[in-house]
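Let us walk through this structure step by step, beginning with its empty spaces and moving on to its charged pairs, its surface and its backbone.

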Amino acid sequence: MRLGMRWRIALPYMTVVLVASAVLGLYLSQELHHALMESYRVRLLAEASLVRLFLTEGPAEPDHLREVAGRWSQQLDSRLTLINRDGVVLADSHFDPAAMDNHLARPEVQEALAEGAGASARFSHTTGYNMLYVALDPKDTALPIIRVSASLQEIDAGISRMQTTLMATALGASALVMALSFVLADRITRPLRRLTDRVLSYRSSSERAMKAEGYDEVQSLADAFGQMTSELGRRVDALAEERNKIALVLAHLNDGVLITDSEGVVHLINPAAVRLLDLTWQSDPIGRPLMEVVGSPSVLEAWKRCRETGQEQETMIEVPDRGAFVRLVVSPIAGSPLSGEMLLLQDLTQVRRLESVRRDFISNISHELRTPLASLKALVDTLQDGALEDPTAARNFLQRMEIEVDSLTQMVQELLELSRIESGQVPIRLAPVLVAELLAGPLEHLQPQAERARLEVAVNLVPDGLTVLADQERTRQVITNLVHNAIKFTPPGGRISVSAIRAGDEVVIAVADTGIGIPEKDLPRIFERFYKADRARASGGTGLGLAIAKHIVQAHGGRIWVKSQEGAGSTFYFTLPAA
Ligand code: ADP
């Protein structure tokens, strides 16, 4: 059982008071008893000596003895007994001597016979209470032994009164001690209790100052507590800030991070890891075994190998459904505060895609260069082999060489243009411009070609005064490329219509033809550079026109797309912000 502070203070003091009172009471009772008995004994002895004097005044006869005993007993207020040397009671002030037994064996009588005087205190059956007996031997054979006795009732009563008083005092003192201890303990513990309350409520409170009134020691304890809590608070804040920073970094990191502890339980995971490991279907993975959380066998395999060997493992994970490539590095982590494994996931999908784009680009460009270079080579060979001697044939060959060189030059120019647009080197200067004005230039420029191909070109603007926010020169290039394609891929007698319509805060421009159309399998790829549909191989184009158009439109914040059916014509659409 745990005692309260009050009782712990009060109990020792109360015990001290009670024990001290008991010892004092015992000692005092004894001393008092002793002193009182002594004074009684002296008094009774003096009385016996006095009686002795009066005994000698008369004859040693029973009547005289009885008369002296009776008289002096009254005078002295004591009981008087006269006993002869054989122990026979000769006279007694209070009882009939004839009825009394022989007194020779009484201790006081024995002592008196031996030493002249004797005393004894004991319970008297004759009187019914404690008595003090004093006997005196007059050393005169004619005289009897004189015994004086007095009741000890008063002494006993006095002593017990003193003991009662002492006990009452002791009890009173302990009650006082108890009350004082309670007050004292309360005054000491009140600030401590408040301090405790403060400390307990510290978790919930933002205010961390701590005040306590009362004793100096408690005050300084409270101050120390206050300092400690505010220091603790600062450290907790600093730690929380640090943790928040790390959490923020992890949350926004593109790479996935997952940490498992030595038991193989997921300890930390960031959103990128959830995404890269395809864990979205799951509830919170933290606190669950990795084996349950991750389904991919290659991830688990690498992780297990790392656990077994204690060495870093690296592997590539492919998710064919999403066309994703993820690089996984599993490293062991040892030491505090955690040991286990760290899984680092890097999304290389984009990098892979870029790599394949670059590979395709190089193979495409070599392919595109090979054909004109091969025909140039053939022409040069023919000239060297003797065609040079024939001026007509030579001129013809030179013209064909010029065409090849021109087409090579055009391709190089378009490539340069494309790369400049892609790398953002070509600034797009937006200005409000009438759609009619944008269309006029390219259409006028391509009109002779259309006429040569016997194609009808129609323009339809809804409403008439449509205005867009565009870079005039670049946008004209887009229109030129689209109309030029339409002319190229539409057989004679066909029709090309260019229209523009307002849709929300955009203007949609469409170039439609009644030409050969685009096979469905080619549709998703025709905006890629160098991409040509099979039937267009012979057209002599570079396959860059639509790629350039796409980049220009995107630089304007617009979109470009196509609708086409093989044999039934194509319609290209692109949007520009309305002014
Ligand atoms: P090219 O210089 O070969 O025309 P483009 O990038 O302009 O290059 O066009 C890519 C391919 O898209 C063309 O080779 C052709 O197959 C197809 N194409 C473009 N416009 C049309 C169209 N109006 N009708 C049919 N096919 C088209």
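To sort the residues around an empty space, Ala, Val, Leu, Ile, Met, Phe, Trp, Tyr, Cys and Pro are counted as nonpolar, Asp, Glu, Lys and Arg as charged, and the others, Gly among them, as polar. With that in hand, please keep in mind throughout that the model shown here is a predicted one.

We begin with enclosed space. Rolling a probe the size of a water molecule over the atoms shows where empty space is left. Here the count comes to one cavity of 30 Å³ or more, and the space in the largest cavity is about 30 Å³. Which residues line the largest cavity? Its lining is made of Leu443, Leu446, Gln447, Ala450, Val457, Val483 and Ile487. Sorted by the classes above, this lining divides into six nonpolar residues, one polar residue and no charged residue; Gln447 is the polar one because Gln is absent from both the nonpolar and the charged lists. Two helices, H11 (435-452) and H12 (472-488), each supply at least two residues of this lining, and H11 gives the most to it, with four residues.

The second largest pocket offers another lining to study, and it holds about 450 Å³ of space. It is lined by 22 residues, of which Val357, Asp360, Asn364, Glu528 and Arg529 are the closest to its centre. How do the residues of this lining divide into nonpolar, polar and charged? There are seven nonpolar, five polar and 10 charged residues in the lining of the second largest pocket. Helix H9 (349-384) and helix H13 (545-555) each supply at least two residues of that lining, and with 10 residues it is H9 that gives the most.

From the pocket we turn to pairs of charged side chains. Side chains of opposite charge can pair when their charged atoms come close. A search of the whole structure finds 24 salt bridges, and a few of them can be followed one by one. In helix H1, Arg41 and Glu38 lie three residues apart, about one turn of the helix, and their side chains meet in a salt bridge with a distance of 3.1 Å from N to O. Arg41 counts as partly exposed, since its relative accessibility is 30%, and Glu38 is also partly exposed, with a relative accessible area of 39%.

A second pair is found in helix H2 (residues 62-76), where Glu67 and Arg71 are four residues apart, again about one turn of the helix. The side chains of Glu67 and Arg71 form a salt bridge at 3.0 Å, N to O. Glu67 is partly exposed, with a relative accessible area of 39%, and Arg71, at 34% relative accessibility, counts as partly exposed too.

A third salt bridge joins the side chains of Arg106 and Asp101, at 3.4 Å from N to O. Arg106 is partly exposed at a relative accessible area of 22%, while Asp101 counts as partly exposed at 47%. Elsewhere, salt bridges that share partners join Arg85, Asp137 and Lys139 into one network.

Not every charged residue lies at the surface. Arg147, in strand E5 (residues 145-151), counts as buried because its relative accessibility is 1%, which is under the limit of 20%. Although Arg147 and Ala119 are 28 residues apart along the chain, their C-alpha atoms are separated by 9.3 Å.

On the surface, Leu18, Met167 and Leu171 form a nonpolar patch, with about 310 Å² of accessible area together. Leu18 belongs to helix H1 (residues 5-55), and it is partly exposed, with a relative accessible area of 37%.

Finally, we look at the backbone. Most residues other than glycine have a negative phi, and most peptide bonds are trans. Asp77 has a positive phi, near 60°, and is not a glycine; it is found in the loop between H2 and strand E1 (79-83). Phe530 is likewise not a glycine and has a positive phi of about 70°, and it lies in the loop between strand E15 (506-513) and H13. Are these two residues buried or exposed? Asp77 is exposed, with a relative accessible area of 68%, whereas Phe530 counts as buried at 4% relative accessibility.

Definitions and conventions: Residues are numbered from 1 along each chain as its sequence is written. This is a predicted model: local features need pLDDT of at least 70, side-chain atom pairs count only at pLDDT 80 or more; totals for chains, interfaces and linings use all residues. Side-chain values use heavy atoms; hydrogens and water are left out. Patches are made of residues with over 30% relative accessible area and no salt bridge: like charges are joined within 9 Å, nonpolar side chains (Val, Leu, Ile, Met, Phe, Trp, Tyr) within 5 Å. Accessible areas come from the Shrake-Rupley method with a 1.4 Å probe; for residues, only the protein chains shown count as cover. A salt bridge is a side-chain nitrogen of Lys or Arg within 4 Å of a carboxyl oxygen of Asp or Glu. Buried means under 20% relative accessible area, exposed over 50%, partly exposed in between (1.4 Å probe, protein chains only). On a 1 Å grid over the protein atoms alone, a cavity is a set of points where a 1.4 Å probe fits but cannot get out, and a pocket is an open set with protein on both sides within 12 Å along at least five of seven lines; lining residues have an atom within 4 Å of a point. Grid points are joined across faces, edges and corners, and a volume is the space filled by probe spheres set on the points.
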